[in-house]
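The following exercises concern strand pairing, sheet order and residue environment. Work through each one with the sequence and the structure at hand.

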Amino acid sequence: HLKPRSTGIVTVVLRGKGGSHSTSPERPAISQGISVTGLQDGGPIPPDTQVAAGGTKGQWIVEMVNHAGAVYSNSGAQLSSFDLGALFFGAAGTGGDPKVVYDRASGDFFASFLQFRIGGTNKSQINLAVSSNPLGSWSVYRVSVENLLQDQPKLGFSSDKLVMSWNQNGDSGPEQYMVIQKSGVVALASSVPAGAFSFFIVFSRG
């Protein structure tokens, strides 16, 4: 059981000039460069907007909103747009809760997507896609199929693992985690080792 913190504010100590520590870090100004109108995708509100920037020269920006995706150049030009339902499941206009990240080490974009109420049932499916060129092809892996709502799948990575998590049965739990071999996904292997586990998190007042 975890107890809530007694304080609501934590002072963050950042490294300032000259390698010294300071509780008053510099706040450099952010200057606006190029302004780009992103995807205007109708659908559930809030739209779960996701953005990842990457490429060998930092040349691509990938945006995903509801069930729409787009790729922009780093100068702001839209290079392509696509339907996420068609990409992940071959069913345009379906699904939601996209996530997209860029891994500089492998040079790959990783993205996840949820399809729910398949065939009018409570069944849902989570898929994972990988691409080193978002203007080219994406390879799609089936991660999990359950007869329940696997809500809001999350996606993260380390040097050797991809980790996904989602909340089973909407907001009622339990939370499920999937740890996936990153090297297999990067190599586009036909099947990739993975392990899953679930648990409830219980919070109590101190």
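**Exercise 1.** Determine in which sense strands β4 and β5 pair, and over how many bridges.

*Solution.* Step 1: locate the strands, β4 at residues 60–65 and β5 at residues 68–73; helices (H or I, at least four residues) and strands (E, at least two) are DSSP runs, numbered from the N terminus. Step 2: apply the criterion that two strands pair if DSSP finds at least two bridges between them. Step 3: β4 and β5 are joined by 6 bridges, in the antiparallel sense. Step 4: as one bridge partner, W60 has S73 in β5.

The model is predicted: local features need pLDDT of at least 70 and side-chain atom pairs count only at pLDDT 80 or more, whereas totals for chains, interfaces and linings use all residues. Residues are numbered from 1 along each chain as its sequence is written, and side-chain values use heavy atoms, with hydrogens and water left out.

**Exercise 2.** Place β4 and β5 in their sheet and identify the edge strands.

*Solution.* Step 1: the order β3-β4-β5-β6 describes an open sheet of 4 strands with antiparallel pairing. Step 2: β3 (50–54) and β6 (78–83) each have a single partner strand, so they form the edges, and one side of each lacks a neighbour in the sheet. Step 3: from one strand to the next, the twist averages 15°, with axes being lines fitted to C-alpha atoms and angles running from 0 to 180 degrees between N-to-C directions.

**Exercise 3.** Describe the environment of Q78.

*Solution.* Step 1: Q78 lies in strand β6. Step 2: the relative accessible area of Q78 is 45%, so this residue is partly exposed (buried means under 20%, exposed over 50%, partly exposed in between; 1.4 Å probe, protein chains only). Step 3: leaving aside residues up to four places away in sequence, Q78 touches A70, V71 and Y72, where contact means heavy atoms within 4.5 Å. Step 4: V36 is 42 residues from Q78 along the chain, and their C-alpha atoms are separated by 8.9 Å.

**Exercise 4.** Analyse the sheet that contains β9 and β10.

*Solution.* Step 1: this open sheet has 4 strands in the order β7-β8-β9-β10, with antiparallel pairing. Step 2: β7 (96–103) and β10 (139–146) are the edge strands, each pairing on one side only. Step 3: β9 (residues 124–131) pairs with β10 over 7 bridges in the antiparallel sense. Step 4: Q125 has V145 in β10 as its bridge partner.
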